[in-house]
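Work through the exercises below with the model open. Each task is followed by a stepwise solution.

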Amino acid sequence: MTYSIPKDFLWGGAVAAHQLEGAWQADGKGPSIADVMTAGANGIPRQITDGVKADKFYPNHEAIDFYHHYKDDIKLFSEMGFKSFRTSIAWTRIFPQGDEEQPNEAGLRFYDELFAECHKYGIEPIITLAHFEIPYHLVKKYGGWRDRRVIDFFIRFATTVFKRYKNQVKYWMTFNEINNQTNYKEQFLMATDSGLVLEPDDPESEALMYQAAHYELVASALAVKIGHEINPEFKIGCMLNVSPLYPATCKPADAFQALKAMQRRYWFGDVHALGRYPRHMEAFFKANGLRPDITAEDRVVLKEGIVDYIGFSYYNSSTVAAQENNPEFHFVGSEAAQENPYLTTSDWGWPIDPLGLRYSLNWLADHYHKPLMIVENGLGAKDEVTAEGKIHDDYRISYLKAHIQAMKDAIEKDGVSVIGYTPWGCIDLVSAGTGQMSKRYGFIYVDRDDKGNGSDKRLKKDSFYWYQKVIKTNGSDLG
Ligand code: P53
């Protein structure tokens, strides 16, 4: 047992298929939920249209055209020294509608080539199966994950790619930020997580969310089990968005609200990592007349499909106060949210809290006793290109530096086991929340704007050289 960053630590970067690949109809790809989402802006939510409308702009259709640039982009990642690259497989490249019997060979071939390109530079692919994407046909015909049959379609997809990439991919994750849908008043999150396209005030949304989440958790556990049968060397993890909930004051009711909010948001981790629902959720279902279809057989599957590691994203902490009108703690997020006067925020209003990352690492280690991988972290910010074509993104460097330091503290001082760090959007891409290009996370700048105009030229930011040094020194020189 060492209390330092391991030698084989998976330094790298993270992206998701729909946010960078583009080529939304290339080589037989079908439309996914991401292909019917318009662009929003800071504070203006994206819209989900009923099919693709000719007069609307859908930023994911072209994204940054990684589909045709991946060789050059991976070369740039290798120049930074990446040991890993987290991306997702677009389900609709493999099963364009979602419910067909046979996969699309051209889609499979794209990922053969992408993974081969990674291995050429010694970069380990880390693959999310469902990153905010479900075939649009499954949304229309089955209502997304509310329908148990979607488990079978997902398992067919997972089995196909596990077999095909058996020797190319070792690290997998099942569902991206599966717990984000607990904020079921946000239509965008419900649609992307579960393919539930609902009105924000739909009285059924809470019950539907718990049902869809359960089917996803069963699908995840089955995938873990099947994956291990296909290749016992596979490491298959879950993926949670972790934003620890702090009490707004030391008033006991605020502290208790924060505790309850943690339970409502992170029980997914118990199911994934402990193979069972926590008692507080069973009690919550009972007390509130929620009766999700959870069979005895499902409970066996959950036990048999415990994840190997916990992947999580960390951007910020959250702060909550007691809500008098919510005695049973139906926590959905925004209405209990408070400003934290001790923290500054990003241009998009996300609090900046490096200590919250150390807190999250400790919390996850205490609850689940599994290796942890930080599969997203970063600062979405506006960048300016100088006349010389430089991007001086010192704000991004200082955010990442403070967070890597917090991770080091967790490893060295708290004894937490962390196996990798893949900051989000290592190359600029389409924001999931807003659909903007101008909310940039990358070490590599991409010349494309919020309307889809630009040359797609790639430029190295100052953070590119900074991160190169961090990786080269295995995190000892944070500059
Ligand atoms: P954007 C909400 C809260 C936390 C993480 O987000 C989230 C979201 C969705 O907006 O998403 C994750 O692009 C997600 C990525 C996403 C990234 O965080 O809204 O896994 O797909 O791009 C950053 O700034």
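**Exercise 1. Describe the largest pocket: volume, lining and occupant.**

Step 1. The volume of the largest pocket is about 1500 Å³. On a 1 Å grid over the protein atoms alone, a pocket is an open set of points with protein on both sides within 12 Å along at least five of seven lines. Grid points are joined across faces, edges and corners, and the volume is the space filled by probe spheres set on the points.

The model is predicted: local features need pLDDT of at least 70, side-chain atom pairs count only at pLDDT 80 or more, and totals for chains, interfaces and linings use all residues. Residues are numbered from 1 along each chain as its sequence is written, and side-chain values use heavy atoms, with hydrogens and water left out.

Step 2. List the lining (residues with an atom within 4 Å of a point). It has 50 residues; Asn183, Glu186, Leu189, Asn316 and Trp350 lie nearest the centre of the pocket.

Step 3. Sort the lining by class. There are 19 nonpolar, 24 polar and seven charged residues. Ala, Val, Leu, Ile, Met, Phe, Trp, Tyr, Cys and Pro count as nonpolar, Asp, Glu, Lys and Arg as charged, and the others, Gly among them, as polar.

Step 4. Find the occupant. The ligand sits in this pocket, meaning that more than half of its atoms lie within 2 Å of the grid points.

**Exercise 2. Characterise the shell around the ligand and its polar contacts.**

Step 1. The shell holds 17 residues (a heavy atom within 4 Å of the ligand). Gln19, Glu376, Ala432, Lys439 and Tyr441 come nearest.

Step 2. By class, the shell has seven nonpolar, seven polar and three charged residues.

Step 3. Look for polar contacts (pairs of N or O atoms within 3.5 Å). Ligand oxygen atoms lie 2.7 Å from a polar side-chain atom of Glu376, 2.9 Å from a side-chain N or O atom of Asn176, and 2.8 Å from a polar backbone atom of Gly433.

Step 4. Check the cover. On its own, the ligand has 470 Å² of accessible area (Shrake-Rupley method, 1.4 Å probe), and the protein covers 91% of that.

**Exercise 3. Examine the cavities, and list the lining of the largest one.**

Step 1. A cavity is a set of points where a 1.4 Å probe fits but cannot get out. Three cavities of 30 Å³ or more are present.

Step 2. The largest cavity has a volume of about 50 Å³.

Step 3. Its lining is Trp91, Ala130, Phe132, Glu133, Ile134, Trp145, Phe175, Asn176, Thr192 and Asp193. Six of these residues are nonpolar, two polar and two charged.

Definitions and conventions:
A polar contact is a pair of N or O atoms within 3.5 Å; within protein, one must be able to donate a hydrogen and the other to accept it, and residues adjacent in sequence count only if both atoms are side-chain atoms.
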